[in-house]
Amino acid sequence: MKFATCFAIAAIALGLAACGTTAANNPLFGAPNDAAGDVGLPDAATPVDTTVAPKDVPGEDAAAADVAQGDAEAPDVPVGTDVPITPDVAPPSCPASCDDGDPCTADTCDLATGLCQHAATPGCKGGTAPCQSTKDCLAGVCNLATLACVACLTQADCGAGKACAANNTCQAAVDCQSDAQCKATKQVCNKTKGICVDCLGGNDCGAGSICQAELCAPAPKACASSKDCPGVCDKQSGVCVGCLSDADCPKETYCGSGALCVPDLCSGPACAGDLEYACAANGSAFVGVKTCTDGNVCTADTCVAGSGCTFVPGNLPCDDGSLCTAGDTCAAGVCTPGAAVSCDDKQACTLDTCDSKAGC
């Protein structure tokens, strides 16, 4: 039986070969050149895998890995990431001087920012800057009688073509050597100064006028009392004058030369850097100068126009004079000791102490 079965199979194979049929074109093995390998099925019948794969979310794998490691907050930060470090910033420092040259501003420095501040002084009027010499004046010269800057003291201060008037101002002038050269301006020649002036004496002025400081002025009115005058009566000379004392003058003026009321030169202390200039009680002149310093390293010494010298406490480093403390600082204008210096020499057989002058 076994022999008969084998013979039958061999016979079938010989029959197929005789008809020219091969496995390549046999429908049981698929279409020709079928690379799918689905033996016995046409390509159209090839099963399709319809299972949808989960879509990856960016970063999901890394986050899932973190969760798997027990880090449920956020993905791990890459090792070696630099963290920016804020560089040290030098503390602000104040300039050597905050003086703005204005006697009516209080010039101070903000220790927190290092910036100058200029606060207006209430009730202060500028007046003329104080001085000790002409180099202290931005313009003009220094009048040492009043310690104030003025336009001129002599004709030389005004230059050619100008004269120094009695009020220390420069006015236009005509050079001359004789009165003939001053007729055009109806003046006379001051041969000492070499310029034309209004008058040198009473005879140079018209009737009812007198010569005062080379200027023609109305002649004083005769009087018996101040009731007869627009100003006050000088009973000694029997004529009306502008003033006999500061009390005769309006506010912010004083009785100056020629018995005339003139504006105050100053109204209070004035400053030039760290110098304080005092003002005369009647406002007629600056009467002295002093340096603003109290010798205390814990105060900022400045001059404030209208107030004078001021000493403002600051939080500054200082030295309390003891070698047994370190890091001393100012507090409320007083130098406060810092931390105690350690004198321990690590030797059990010595008694370690500190002397404020000698140290450990």
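The paragraphs below go through this predicted model, from the chain as a whole to single residues.

The protein chain has 360 residues, and 24% of them count as buried. Its secondary structure is made up of two helices and 23 strands. Contacts can also be sorted by how far apart the partners lie in the sequence. Among contacts in the protein chain with a separation of 6 or more, 17% are between residues 24 or more positions apart.

Next comes the empty space around the protein atoms. Rolling a probe the size of a water molecule over the atoms shows where empty space is left. The largest pocket has a volume of about 820 Å³. Three elements each give two or more residues to its lining: β4, which covers residues 148-150, β10, at 215-218, and β14, at 261-263. The lining of the largest pocket consists of 29 residues. A166, N167, N168, S257 and V262 are the lining residues that lie nearest the centre of the pocket. By type, the lining divides into 15 nonpolar residues, 13 polar residues and one charged residue.

One residue to look at in more detail is N190. It belongs to strand β7, which runs over residues 188-190. Is N190 buried or exposed? Its relative accessible area is 7%, and buried means under 20%, so N190 is buried. Which residues does N190 touch, once its neighbours within four places in sequence are left aside? Its contacts are then C176, I195, V197, L200 and E214. The side chain of N190 also reaches the backbone nitrogen of T192, at a distance of 3.1 Å.

T192 itself is in the loop between β7 and β8, the latter being residues 195-197. With a relative accessible area of 77%, T192 is exposed. The 3.1 Å approach to T192 is made by the side chain of N190, a residue that is buried. T192 can also be placed relative to Q177: the two are 15 residues apart in sequence, and their C-alpha atoms are 9.1 Å apart in space.

Aromatic rings are another feature to look for. A pair of aromatic rings is described by the distance of the centres and the angle of the planes. How many aromatic pairs does a search of the whole structure find? The search finds one. This pair is formed by Y277 and F286, with 6.2 Å from centre to centre and 70° between the planes. Planes over 60 degrees apart count as edge-to-face, so this pair is edge-to-face. Y277 is buried, at 1% relative accessibility. F286 is buried too, at 3% relative accessibility.

The last topic is the backbone angle phi. L147 has a positive phi, near 55°, and is a residue other than glycine. L147 is in the loop between β3, which covers residues 141-143, and β4. The strand β4 has already appeared as one of the elements that give two or more residues to the lining of the largest pocket. The relative accessibility of L147 is 16%, so the residue counts as buried.

K346 is not a glycine, yet its phi is positive as well, at about 65°. Where in the chain is K346? K346 is found in the segment after β23, a strand at residues 339-340. Its relative accessible area is 70%, so K346 is exposed. Of these two residues with positive phi, then, L147 is buried, whereas K346 is exposed.

Conventions
Residues are numbered from 1 along each chain as its sequence is written. This is a predicted model: local features need pLDDT of at least 70, side-chain atom pairs count only at pLDDT 80 or more; totals for chains, interfaces and linings use all residues. Side-chain values use heavy atoms; hydrogens and water are left out. Helices (H or I, at least four residues) and strands (E, at least two) are DSSP runs, numbered from the N terminus. Buried means under 20% relative accessible area, exposed over 50%, partly exposed in between (1.4 Å probe, protein chains only). A polar contact is a pair of N or O atoms within 3.5 Å; within protein, one must be able to donate a hydrogen and the other to accept it, and residues adjacent in sequence count only if both atoms are side-chain atoms. Contact means heavy atoms within 4.5 Å. Rings of Phe, Tyr and Trp (its six-membered ring) pair if their centres lie within 6.5 Å; planes under 30 degrees apart count as stacked, over 60 as edge-to-face and the rest as tilted. On a 1 Å grid over the protein atoms alone, a cavity is a set of points where a 1.4 Å probe fits but cannot get out, and a pocket is an open set with protein on both sides within 12 Å along at least five of seven lines; lining residues have an atom within 4 Å of a point. Grid points are joined across faces, edges and corners, and a volume is the space filled by probe spheres set on the points. Ala, Val, Leu, Ile, Met, Phe, Trp, Tyr, Cys and Pro count as nonpolar, Asp, Glu, Lys and Arg as charged, and the others, Gly among them, as polar.
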